[in-house]
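Student: I have a sequence and a structure to look at, and I would like to learn how to read them one feature at a time. Could we go through them together?

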Amino acid sequence: MKKVGIVMGSDSDLPIIKKATDMLSSLGIPFAVHVYSAHRTPEEARAFSVSARDNGFGVIIAAAGMAAHLAGAVAANTTLPVIGIPCKSSNFDGLDALLSTVQMPTGIPVATVAVDGGANAALLAAQILAVEDRELAAKLDAKRRADAAKVLEKDAKISAEFN
Ligand code: RP5
């Protein structure tokens with residue numbers, strides 16, 4: 001199976017990345033994690049992106065906060081799909097990172113998930129890999145069914161209390 005490459009702009013983004021790595025681990029998907037910044041270590045971010053396909057990656061998740069250019073900078077240097085996670089920082093509740101990540105110019109797309117959406121980034125990466133992997137697609141189907149069952153359990157409890 002292809003690996004998921006995960007890059008974060010700072011180790012302060014790690015709690016968000018942890019949500020992604022936990023989800024990928026639960027699905028048995030291999031990944032590698034790095035701290036590369038579009039601003040502080042642009043050469044390393046570029047080198048990782050340029051070589052990602054040859055190094056066995058099938059999709060890249062890039063998480064950053066504030067003036068969050070990391071996902072776009074990665075996407076500029078690879079045609080692998082790139083999923084951006086805007087991370088919340090102390091100002092603006094993550095709106096700064098959301099707009100910086102989502103508003104990509106035509107030609108260089110970034111699939112942006114919700115602010116701090118580490119788990120959904122991993123699920124989207126899994127869905128991309130599952131296009132060519134029936135076993136992984138079956139795991140994702142099973143997860144959807146299990147998640148739905150949990151919601152129906154909650155409905156049963158609320159119904160019993162109020163109806
Ligand atoms: C961004 O700046 C990082 O992705 C992080 O979310 C934010 C703050 O970084 P630190 O100052 O905590 O290293 O580049």
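Student: Where does Asp 93 lie in this structure?

Tutor: Before answering, please keep in mind that this is a predicted model. Asp 93 lies in the loop between S4 and H4, and the backbone there deserves a careful look, since Asp 93 has a positive phi of about 55° although it is not a glycine.

Student: Which other residue is found in the loop between strand S4 (82-87) and helix H4 (95-102)?

Tutor: Phe 92 is found in that loop, and Phe 92 likewise is not a glycine but has a positive phi, of about 65°.

Student: Are Phe 92 and Asp 93 buried or exposed?

Tutor: A residue is called exposed when its relative accessible area is over 50%, and buried when that value is under 20%. Phe 92 has a relative accessible area of 62%, so Phe 92 is exposed, and Asp 93, with a relative accessible area of 58%, is exposed as well.

Student: What would a buried residue look like, and at what relative accessibility does Ser 49 stand?

Tutor: Ser 49 stands at 1% relative accessibility and therefore counts as buried. To place it in the fold, look along helix H2, residues 42-51, where Ser 49 is found. When a polar side chain is in view, you can also look for a polar partner, and here a polar atom of the side chain of Ser 49 lies 2.7 Å from the backbone oxygen of Ala 45.

Student: Which helix holds Ala 71, and is Ala 71 buried or exposed?

Tutor: Ala 71 is found in helix H3, which covers residues 70-75, and because its relative accessibility is 4%, Ala 71 counts as buried.

Student: How should I compare separation along the chain with separation in space, and what are the values for Ala 71 and Met 8?

Tutor: The idea is to set the count of residues between two positions beside the distance between their C-alpha atoms. Ala 71 and Met 8 are 63 residues apart along the chain, while their C-alpha atoms are separated by 9.1 Å. For another pair, Ile 29 and Ser 12 are 17 residues apart along the chain, and their C-alpha atoms are separated by 24 Å. Ile 29 lies in the loop between H1 and strand S2 (31-35), and with a relative accessible area of 3% it is buried, which shows that a residue in a loop can be buried too.

Student: Where does Asp 11 lie, and is Asp 11 buried or exposed?

Tutor: Asp 11 lies in the loop between strand S1 (3-8) and helix H1 (14-26), and its relative accessible area of 59% means that Asp 11 is exposed. The C-alpha atoms of Asp 11 and His 34 are separated by 9.0 Å, although these residues are 23 residues apart along the chain.

Student: What can be said of Ser 10?

Tutor: Ser 10 also lies in the loop between S1 and H1, but at 17% relative accessibility Ser 10 counts as buried. Its side chain makes a polar contact with the side chain of Ser 12, at 3.0 Å.

Student: Which residues surround the ligand, and where does the ligand sit?

Tutor: The ligand sits in the largest pocket, surrounded by Gly 9, Ser 10, Ser 12, Asp 13, Arg 40, Ala 64, Gly 65 and Met 66. Sorted by character, this shell divides into two nonpolar, four polar and two charged residues.

Student: How far are the oxygen atoms of the ligand from N or O atoms of Ser 10, Arg 40 and Gly 65?

Tutor: It helps to ask each time whether the side chain or the backbone is involved. An N or O atom in the side chain of Ser 10 is 2.6 Å from an oxygen atom of the ligand, and for the side chain of Arg 40 the distance is 2.8 Å. With Gly 65, a backbone N or O atom lies 3.0 Å from an oxygen atom of the ligand. Taken alone, the ligand exposes 360 Å², of which the protein buries 72%.

Key: Residues are numbered from 1 along each chain as its sequence is written. This is a predicted model: local features need pLDDT of at least 70, side-chain atom pairs count only at pLDDT 80 or more; totals for chains, interfaces and linings use all residues. Side-chain values use heavy atoms; hydrogens and water are left out. A residue is near a molecule or strand if one of its heavy atoms lies within 4 Å of it. A polar contact is a pair of N or O atoms within 3.5 Å; within protein, one must be able to donate a hydrogen and the other to accept it, and residues adjacent in sequence count only if both atoms are side-chain atoms. Accessible areas come from the Shrake-Rupley method with a 1.4 Å probe; for residues, only the protein chains shown count as cover. On a 1 Å grid over the protein atoms alone, a cavity is a set of points where a 1.4 Å probe fits but cannot get out, and a pocket is an open set with protein on both sides within 12 Å along at least five of seven lines; lining residues have an atom within 4 Å of a point. A molecule sits in a cavity or pocket if more than half of its atoms lie within 2 Å of its grid points. Ala, Val, Leu, Ile, Met, Phe, Trp, Tyr, Cys and Pro count as nonpolar, Asp, Glu, Lys and Arg as charged, and the others, Gly among them, as polar. Helices (H or I, at least four residues) and strands (E, at least two) are DSSP runs, numbered from the N terminus. Buried means under 20% relative accessible area, exposed over 50%, partly exposed in between (1.4 Å probe, protein chains only).
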